[in-house]
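Welcome! Take a moment to look over the chains and strands before you try the exercises.

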There are 2 protein chains.
Amino acid sequence: MNIKQLSPDVSETEFKQQVFFALSDPGRYKIVQMLYNVGHEMGCGELNQHVEIDKSTMSYHLKTLREAGITSTRTQGREKYVTLNVAKIELELPGLLASL
Amino acid sequence: MNIKQLSPDVSETEFKQQVFFALSDPGRYKIVQMLYNVGHEMGCGELNQHVEIDKSTMSYHLKTLREAGITSTRTQGREKYVTLNVAKIELELPGLLASL
DNA sequence: TTTATAGTTTTATATTTATCAAACAATGAT
DNA sequence: ATCATTGTTTGATAAATATAAAACTATAAA
């Protein structure tokens, strides 16, 4: 018998709440939606072209997503590439990404 | 061919974002979770017994949920009963409630 | 080595949010 | 009629949030 089924880990609920918080903002919603739909990592600049927000605001939102564990970032040269942690999100909130 | 599939209605996305916002707060998360798990309407007092928050804070959160279209309220005498709009939520975000 | 580019951090600001006490309905009970 | 109960609204407050300009860091290009 799995303890988690009886008393779900606080951090699981916390992660879900952070995902919900992230998706409650129009900018972050679009970022996540776009990352999910393209199905692969995207450069910050590329994202910035599709989602119209100031680059510092974009950086702020990407930081929010990263720190919540929703995305991961890879640096190459002076560019950064953002990936959506699909598996992690699907594990806790199956089907959510598909319904955005 | 369904237009909605090509360009999802703004209000659909807005509703989803409101649901996400609602669920990003621990208090509201518990309220929604509880309503979903019991599977039927609950009195405000009954809710207050399970979710430990000040009655005016509870009223504030219930108003937030109500105005977002997430719950509905029925008055009987001096008590009020809250229902979760399961069908509506399931329509836009299938499976979400089950994964809370 | 100077300059341009990509993105972050800092600073400042306005807005939104959560919380609770206190005052306020509205209805039921005595 | 008076009192008690249920829940809402108002007002005040502290904290969190979103935004963007400006300064900054790091790398690439000239």
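Here are three exercises, each with a worked solution.

This is a predicted model, where local features need pLDDT of at least 70, side-chain atom pairs count only at pLDDT 80 or more, and totals for chains, interfaces and linings use all residues. Residues are numbered from 1 along each chain as its sequence is written, chains are lettered from A in the order in which they are written, and side-chain values use heavy atoms, without hydrogens and water.

**Exercise 1.** Find the turn and shift that lay chain B on chain A.

Step 1: Superpose the copies by least squares on C-alpha atoms of residues with pLDDT of at least 70 in both. A turn of 180 degrees and a shift of 0.0 Å along the axis give an RMSD of 0.0 Å.
Step 2: Name the relation: this is a two-fold axis.
Step 3: Look along chain B for the C-alpha nearest the axis; it belongs to B:Phe20, 2.3 Å away.

**Exercise 2.** Identify the residues that come nearest to DNA strand D.

Step 1: Count a residue as near if one of its heavy atoms lies within 4 Å of the strand. Of the 20 residues around DNA strand D, the nearest are A:Arg28, A:Tyr60, A:His61, B:Lys55 and B:Ser59.
Step 2: Check what they face: sugar and phosphate make up 63% of the atoms of DNA strand D within 4 Å of the protein.

**Exercise 3.** Work out which part of DNA strand D a polar side-chain atom of B:Lys55 approaches.

Step 1: From B:Lys55, go 2.9 Å to a base oxygen.
Step 2: Compare A:His61, whose polar side-chain atom lies 2.8 Å from a phosphate oxygen of DNA strand D.

Notes:
A polar contact is a pair of N or O atoms within 3.5 Å; within protein, one must be able to donate a hydrogen and the other to accept it, and residues adjacent in sequence count only if both atoms are side-chain atoms.
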